[in-house]
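User: I have a protein model open and I am new to this. Can you show me how to read its features step by step?

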Amino acid sequence: MTPETILTNALLVLPDRVEPGTLVLRDGRIAEIQPGLSRAPGALDLDGDHLIPGVIDVHTDNLERQVQPRSLARWPSRSAFLSHDSQTAAAGVTTVLDALCLGDLGFDAERTETFLNGVRDLDALAPTGLLKSEHYLHLRCELPAADMLPLVETVAEHGAVRMVSLMDHTPGVGQYADIERYRQMRVRGGKSIAEVDRRIEELVAQRNRLRGPQRRALLDRFGGRDIALASHDDWHADEIAENAADGVLISEFPVSMMAAEAARAAGMEIIAGAPNIVRGGSHSGNVAAADLVRAGLVDVLASDYVPPAMIEAAWRAAGEIGLAAAIATITEAPARMLRMADRGRIAEGLRADLVRIRPLEGPNGPMPVVRTVWRAGERIA
């Protein structure tokens, strides 16, 4: 007889509704969805807690935060990767795309080391079976960076690559459209005004020279493959139109309502940052993600830099769009975006990636507390 796990007395967050019921897990999958309570011996009583699919995070910079917990303190990479893995699992994230930057624009040279070490550590750790969450790669490609394409070639055929985003962090563009804000950010980081101004001038010239040909090289490299292509920090309609025409049909973190509206009109899927919702706005002064949710302009929420923000942001968004639809932004929708048909919903036959949650009343409304996490039927947190 096949061993099975029975989870009962739960509020099941199904694709279109929330209802009390029981799940039977067998061979790492959801074998049965039953109404009401189970009286079977050994059934685990979830005390009326919510049960949602395992969270799928399409973009997290959390590994970078573990590698460099302070500006001058770099942590050993293997240890950092394991800490990152434990944190994602504890946050209910069972599938995670580690977002690693390829290309240095003169201020982030250590990110290249993080990228190389991150891929190496994933290759070493994944076969051991010791990782709690299932890890894939999201390549964040800096279009104007001279070293970007050589770095891409080191990993372009890696089987873990599931998403590629086209980024442009040149001052005066996208997230850094406000050059004065950019200048002050770099000065706070320890650079002199003269040094920053000189680098801004160099970066603008570098963008004019490299963005076009390197963008085309990436599209030729990854277009037509089973890899999600995204544009990052979209900021105006012309950019949206260019991407849509080239088959880049995901807009990741649009910086304005206008850009998000243009992306939707072009038939693009839209990713927003969960921390933006939890904090009540963008830390960079960009459009509030809650306003995008309200306008029906968010398909997927990503943790960006705080893994626990995923479930909390979805719970807050539920006030606007309902709990089932809000949970879909962190489960079903990202699974569809990544073409992972075996997960993302509570449905018979799918992987038993599940998260038990108890909402706790707090000063800002219900606060979802992760109590238990299963991946493929095995408890990981």
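Analyst: Let's start with contact. Two residues are in contact when they have heavy atoms within 4.5 Å. Keep in mind that this is a predicted model. Now take A288. Leaving aside neighbours within four places in sequence, A288 is in contact with N276 and G281.

User: Where does A288 lie?

Analyst: A288 sits in the loop between α9 and α10. Its C-alpha atom and that of N276 are separated by 6.5 Å. Along the chain, these two residues are twelve residues apart.

User: Which residues does A290 touch, not counting residues up to four places away in sequence?

Analyst: A290 touches N276 and I277 on that count. A290 belongs to helix α10, residues 289-294. You can also compare chain separation with distance in space. A290 and G273 are 17 residues apart along the chain, and their C-alpha atoms are 9.7 Å apart.

User: Why does A290 count as partly exposed?

Analyst: Use the cut-offs: buried is under 20% relative accessible area, exposed is over 50%, and partly exposed is in between. A290 has 27% relative accessibility, so it counts as partly exposed.

User: Next, helices. How many residues does α11 have, and what span does it reach?

Analyst: Compare the end-to-end reach with the expected span. Helix α11 covers residues 309-321, which is 13 residues. From first C-alpha to last it reaches 18 Å, close to the 18 Å expected at 1.5 Å a residue. Then look just past the end. G322 follows α11, and its phi is positive, near 90 degrees.

User: Which residues in α11 are buried?

Analyst: The buried residues of α11 include A309, M310, I311, E312 and A313. A314, W315, A317 and A318 are buried in α11 too.

User: How do I read a nonpolar core?

Analyst: Ask how many residues it has, then which have the most contacts inside it. The largest nonpolar core has 39 residues. Those with the most contacts inside it are I52, V55, L301, I311, I327 and I330. Several elements give two or more residues to this core, among them β7 (93-102), α8 (257-265), α10 and β14 (354-362). The most comes from α11, with eight residues.

User: Which residues does I311 touch, not counting residues up to four places away in sequence?

Analyst: I311 touches I52, V55, A91, G92 and I330, among others. The list also includes V355, I357, P368 and V370. There is a second, separate core as well. It has 37 residues, including V119, A145, V155 and A156.

User: Now empty space. How many cavities of 30 Å³ or more does a search of the whole structure find?

Analyst: The search finds two cavities of 30 Å³ or more. About 50 Å³ of space lies in the largest cavity. Next, read the lining. It includes V13, L14, P15, P53, I327 and R345. Helix α12 gives the largest share, three residues. By class, this lining has seven nonpolar, two polar and two charged residues.

User: What is the volume of the second largest cavity, and which residues line it?

Analyst: The second largest cavity has a volume of about 30 Å³. P53, G54, R343, G344, R345, R351 and D353 line it. By class, that lining has one nonpolar, two polar and four charged residues.

User: And pockets? What is the volume of the second largest pocket?

Analyst: Read a pocket by volume, then by lining. The second largest pocket has a volume of about 210 Å³. It is lined by 15 residues, and the closest to its centre are A228, L229, G247, L249 and R339. At least two lining residues come from each of β10 (228-232) and α13 (332-337). By class, the lining has seven nonpolar, three polar and five charged residues.

User: Last topic: phi angles. Which residue in strand β1 should I look at?

Analyst: Look for a positive phi in a residue other than glycine. N9 is one such case, with phi near 55 degrees. N9 is found in strand β1, residues 4-13. Its relative accessible area is 26%, so N9 is partly exposed.

User: Where does D47 lie?

Analyst: D47 lies in the loop between β4 (44-45) and β5 (50-53). D47 is not a glycine, yet its phi is positive, about 55 degrees. With 47% relative accessibility, D47 counts as partly exposed.

Definitions and conventions
Residues numbered from 1 in each chain as written. Predicted model: local features only at pLDDT ≥ 70, side-chain atom pairs only at ≥ 80, totals over all residues. Heavy atoms only, no water. Helix = DSSP H or I, 4+ residues; strand = E, 2+ residues; numbered from the N terminus. Buried < 20%, exposed > 50% of the residue type's maximum accessible area, 1.4 Å probe, protein only. Expected span 1.5 Å × (residues − 1). Core = buried A, V, L, I, M, F, W, Y, C linked by side-chain atoms within 4.5 Å. 1 Å grid on protein atoms, 1.4 Å probe; cavity = no way out; pocket = protein on both sides within 12 Å on 5 of 7 lines; lining within 4 Å. Points joined across faces, edges and corners; volume = space filled by probe spheres on them. Nonpolar A, V, L, I, M, F, W, Y, C, P; charged D, E, K, R; others polar.
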